[in-house]
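Here is a walk through one model, strand by strand and helix by helix. Keep the viewer open while you read.

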Amino acid sequence: MSSLDGKVIIVTGASRGIGASAAAALAKAGATVVLTARDGTLTEQVAKSIGPSASSRACDVSDYAAFAALVADTVSRFGKLDALINNAGVIEPIASIAESDPAAWGRNVAINLTGAYHAIRAVLPGMLAAGGGTIVNVSSGAAIRPLEGWSAYCSAKAGLHMLTRAIALETAGKGIRVFGFQPGTTDTDMQVLIRASGVNPVSQIPREKLTPVALSAESIVYLCTPAADDLNGQEFSLNDPSFRARVGIA
Ligand code: NAP
């Protein structure tokens, strides 16, 4: 029996990058996975490549009603929802605060923070009623470290970091497991945009030094298993040697 046999898991931002890799790894561990992102065609391609235990639905996390409908549909199809991988995110706008576009700044927060809240708000009542559930919020080192040109991203991820702690506080003793996970600099399309900006030290990291998405995927699978029970309520970085040792990453 695989570690996640019988589990039903929604993965946001699953059309590419860390989300697509995590969805595949969760399915490999036995879970039924529902993939979502704005680009429905790409997300469906990823789901098809995973196999029959994966399905997809286009959804923008900044639209609460759309996400709530996705959750209701998932529960009606599979009878339950065990976990949410809250991974959808954007880096833009990359701009100094003084020169940033207010609308673009607000869109970043609407996806990275409010969008993540939407997903949590949509799944949490059902998880509480069921007496259990797992939420993995994909955070960033930028949640705790300001980086030039990334004020929107850093602020939104700092908010998500606090949201993880707030969920842990409000759901203590109610069967909810919640984790923040910082992937570290990982080889995805997001890093292509970052390199092209040339704006801060992260943009100078050569592609070959970036971490493969598979390590984030492995960590996310680990956080969904009972092996991570004692880590509940905390945020972890893939760069943390003790966390890597727990997951079994060399
Ligand atoms: P990516 O390759 O750009 O993928 C981002 C995913 O989020 C895509 O599937 C995208 O699909 C989806 N997405 C964006 N806006 C969305 C929205 N409004 N509604 C629904 N889905 C949306 O980036 P990634 O590197 O895999 O990033 C995944 C997560 O890891 C993000 O939260 C990111 O902040 C975090 N992270 C990444 C790194 C890194 O170095 N790569 C480091 C730290 C943290 P659509 O465009 O089709 O919607």
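## Where β1 meets β4

In this predicted model, β1 and β4 pair in the parallel sense, with three bridges between them. If you want one pair to click on, take Ile 10, whose bridge partner in β4 is Leu 84.

The pairing carries on from there. β4 is also joined to β5, again in the parallel sense, this time over four bridges. Here Asn 86 stands opposite Asn 137 in β5.

## The whole sheet

Zooming out, there are seven strands in an open sheet, and the order reads β3-β2-β1-β4-β5-β6-β7 with parallel pairing. Which strands stand at the edges? They are β3 (54–58) and β7 (235–237); each has a single partner strand, so one side of each has no neighbour in the sheet. On average, neighbouring strands are turned by 20 degrees against each other, if you ignore direction.

As background, strands of a sheet pair through backbone hydrogen bonds, either parallel or antiparallel.

## β5, covered on both faces

β5 (133–138) is a good strand to look at closely, since six of its six residues are buried. In a regular strand the side chains alternate between the two faces of the sheet. For β5, one side holds Gly 133, Ile 135 and Asn 137, the other holds Thr 134, Val 136 and Val 138, and all of these are buried.

On to the next strand: β5 and β6 run parallel and are joined by six bridges. Asn 137 turns up again here, standing opposite Gly 180 in β6.

## Helices on the sheet

α1 lies across β1, β2 and β4, and its direction is at about 170 degrees to β1. Helix α6 (residues 151–171) packs on the sheet too, touching β5, β6 (176–182) and β7, and makes about 160 degrees with the direction of β6.

Back to α1, which covers residues 17–28. Its twelve residues reach 17 Å from first C-alpha to last, close to the 16 Å expected at 1.5 Å a residue. Its buried residues are Ile 18, Gly 19, Ala 20, Ser 21, Ala 22, Ala 23, Leu 26 and Ala 27. What do these buried residues pack against? The list is β1 (8–12), β2 (32–37), α2 (40–50), β4 (83–86) and α8 (213–223). After the helix comes Gly 30, with a positive phi near 115 degrees.

## The α4/α5 pair

Next, two helices that pack on each other. Helix α4 (residues 102–112) and helix α5 (residues 114–130) meet at an angle of about 25 degrees, with axes 2 Å apart. With angles under 35 degrees counted as roughly parallel, α4 and α5 are therefore roughly parallel to each other.

On the α4 side, the contact is made by Val 109, Ala 110, Ile 111 and Asn 112, while α5 brings Thr 114, Gly 115 and Ala 116. By type, the residues of this contact split into four nonpolar, three polar and no charged.

## A threonine in a loop

One last stop is Thr 211, in the loop between α7 (189–197) and α8. Is Thr 211 buried or exposed? Its relative accessible area is 15%, and the cut-off for buried is under 20%, so Thr 211 counts as buried.

What is Thr 211 in contact with, leaving aside neighbours within four places in sequence? The contacts are Thr 185, Thr 186, Asp 187 and Leu 238.

Note on methods. Residues are numbered from 1 along each chain as its sequence is written. This is a predicted model: local features need pLDDT of at least 70, side-chain atom pairs count only at pLDDT 80 or more; totals for chains, interfaces and linings use all residues. Side-chain values use heavy atoms; hydrogens and water are left out. Axes are lines fitted to C-alpha atoms, for helices over the stretch in contact, and angles run from 0 to 180 degrees between N-to-C directions. Angles under 35 degrees count as roughly parallel, over 145 as roughly antiparallel, 65 to 115 as roughly perpendicular and the rest as oblique. Contact means heavy atoms within 4.5 Å. Ala, Val, Leu, Ile, Met, Phe, Trp, Tyr, Cys and Pro count as nonpolar, Asp, Glu, Lys and Arg as charged, and the others, Gly among them, as polar. The expected span of a helix is 1.5 Å times one less than its number of residues. Buried means under 20% relative accessible area, exposed over 50%, partly exposed in between (1.4 Å probe, protein chains only). Two strands pair if DSSP finds at least two bridges between them.
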